[in-house]
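Trainee: Hi! Could you walk me through this one? I'm still new to reading structures.

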Amino acid sequence: MSQHTIRIFDTTLRDGEQSPGCSMTIHEKVRLAQQLDRLGVDIIEAGFPAASEGDAKAVQAIAANCSRPVIAALARANCEDIRRAGVSLEPARRSRIHTFIATSDIHLQFKLRRSREEVLEQACLAVEFARTLADEVEFSPEDATRTDPDFLCQVVREIIAAGATVVNIPDTVGYTIPTEMHRLVSRLFEKVDNIGEATISVHCHNDLGLAVANSIAAIEAGARQVECTINGIGERAGNASLEEMVMALRVRQDALPFTTNINSTHLFPTSQLLTEITGIQVQPNKAIVGRNAFAHEAGIHQDGMLKNRLTYEIMTPESVGVPETKLVLGKHSGRHALRSHFERLGYQFSTFETDRLYRKFTDLADVKKEITDADLIALVQEFHQQTKLSA
Ligand code: KIV
Ligand code: ZN
């Protein structure tokens, strides 16, 4: 992998699932993981096996059904969590255990009631054990951005020596700002002598709306992996949004000379799939995937757009998979057309499923002249609801 490729670590199925109302069944998680695979993410964090039996099974099912990306499982820095993560990851072609423990004084004093020395020793033992169970080991010093920077450098040095292949710097409470994040990552590169033996990653929460900006600042300082989620879902205000990260790097190539392995035309269909699965709508003005992200309302803007799209458009809707023109499907359309429209929206159905959907579609086409993308998505949502009820 070239020095300028940024690895995209998707945690929609783990941190994202921690958003209220976003829990998913195993079947839904596998569907989403397969879409993330098509999208081109490098690593899928599939779950936290010690959290529940369902999570353990979901990690196992995703590991068995997605062979291209690395499959990661989260584990606290203790033997039992790590052992469970290792077992769940057994079917993976390439596995990663992601283990973590808090390192900030506030977490040590009030949550863990441990000394810095004790936490450091536990972190190193966890990494050493995880190395025996997975191809790759990622370590996160939780609340890194509020950790004493000298202690953080010591932790990073020692866990790399213990065998961590990826070191992730989480802004767990979404507290940092871009200049500070840049300084922190630069300091790690200056002070940690063995830093070249691991990939540096960041995991930014969005409590101040700065998750993407902080992640970009970390990349500019040398981070080569970013952790993010589809639609920016995640604990509290969420995580860095994957679609915003990817498109910021793509659109601003002039200032940010980095690439990703993401096929950006799958961004919108992936966002839609997540919305369909969780029922949580994206805010209309959400960058890249919101309903209004490519809508031009003001007369002056429309006039400019008609003369030259570049006047008001920094990327095309097609480049992120947003259908540019309104869908024209009517009652004379056949199954083939219907199927191809579903595929464009990111859905894949068997012949049997297409037949059932086609009947629903013709019923609707009888009462509605023009069938829009929104109608098709509603049709699919209703279909999945009914399939769930009759299962
Ligand atoms: O926000 C956080 O600190 C996390 C860690 C487990 C990486 O989600
Ligand atoms: Zn997190």
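Mentor: Happy to; we'll go through the metal site, the ligand, the cysteines and a few single residues. Keep in mind that this is a predicted model.

Trainee: Okay, metal first. Which residues coordinate the zinc ion (ligand 2)?

Mentor: Asp15 does so through OD, while His203 and His205 each use NE2. The distances run from 2.0 to 2.2 Å.

Trainee: And what spacing do those donors follow along the chain?

Mentor: The pattern is D-x187-H-x1-H. Asp15 sits in the loop between strand 1 (7–10) and helix 1 (26–39), and His203 is in strand 7 (residues 199–204), so this pair ties together parts that are 188 residues apart in sequence.

Trainee: Nice. Are Asp15 and His203 buried or exposed?

Mentor: Both Asp15 and His203 are buried.

Trainee: Now the other ligand. Which residues surround ligand 1?

Mentor: The shell consists of Arg14, Asp15, His98, Phe100, Ser140, Glu142, Asn168, Pro170, Thr172, His203 and His205. You'll recognise Asp15, His203 and His205, which also coordinate the zinc ion (ligand 2).

Trainee: How do the residues of that shell divide into nonpolar, polar and charged?

Mentor: There are 2 nonpolar, 6 polar and 3 charged residues around ligand 1.

Trainee: Which strands supply at least two residues of the shell each?

Mentor: Strand 4 (95–102), strand 5 (136–142) and strand 6 (166–171) do.

Trainee: What about polar atoms close up: how far is Thr172 from an oxygen atom of ligand 1?

Mentor: A polar atom in the Thr172 side chain is 2.6 Å from a ligand 1 oxygen. Arg14 also has a polar side-chain atom 3.0 Å from an oxygen atom of ligand 1. For Asp15, an N or O atom of the side chain is 3.0 Å from an oxygen atom of the ligand. As for cover, the protein takes up 93% of the 260 Å² of accessible area that ligand 1 has on its own.

Trainee: Switching topic! How many disulfides are there?

Mentor: The count is 0. A disulfide is a covalent bond between the sulfur atoms of two cysteines. For Cys22, the nearest cysteine sulfur belongs to Cys228 and is 16 Å away, whereas the cut-off for a disulfide is 2.5 Å.

Trainee: And what is the nearest cysteine sulfur for Cys204?

Mentor: That of Cys228 again, 9.9 Å away, and Cys204 is in no disulfide. Cys204 is buried at 0% relative accessibility, and Cys22 is buried too, with a relative accessible area of 2%.

Trainee: Let's try some other residues. Where does Arg113 lie?

Mentor: You'll find Arg113 in the loop between helix 4 (105–112) and helix 5 (116–131). Arg113 counts as exposed because its relative accessible area is 67%, and the cut-off for exposed is over 50%. From Arg113 to Ala161 it is 25 Å, C-alpha to C-alpha, with their positions 48 residues apart in sequence.

Trainee: What about Glu220: where is its place?

Mentor: Glu220 belongs to helix 8 (residues 211–220). With a relative accessible area of 45%, Glu220 is partly exposed. Its C-alpha atom is 42 Å from that of Thr372, and the two residues are 152 residues apart along the chain.

Trainee: Last one: is Glu28 buried or exposed?

Mentor: Glu28 is buried, at 8% relative accessible area, and is found in helix 1. A polar atom of the Glu28 side chain lies 2.9 Å from the backbone nitrogen of Thr25.

Trainee: Great, thanks for the tour!

Conventions: Residues numbered from 1 in each chain as written. Chains lettered and ligands numbered in written order. Predicted model: local features only at pLDDT ≥ 70, side-chain atom pairs only at ≥ 80, totals over all residues. Heavy atoms only, no water. Donors = N, O, S within 2.8 Å, 3.2 Å for Na, K, Ca; no water. Helix = DSSP H or I, 4+ residues; strand = E, 2+ residues; numbered from the N terminus. Buried < 20%, exposed > 50% of the residue type's maximum accessible area, 1.4 Å probe, protein only. Near = heavy atom within 4 Å. Polar contact = N/O pair within 3.5 Å; in protein donor to acceptor, adjacent residues only side chain to side chain. Areas by Shrake-Rupley, 256 points an atom, 1.4 Å probe, with all protein chains shown as cover. Nonpolar A, V, L, I, M, F, W, Y, C, P; charged D, E, K, R; others polar.
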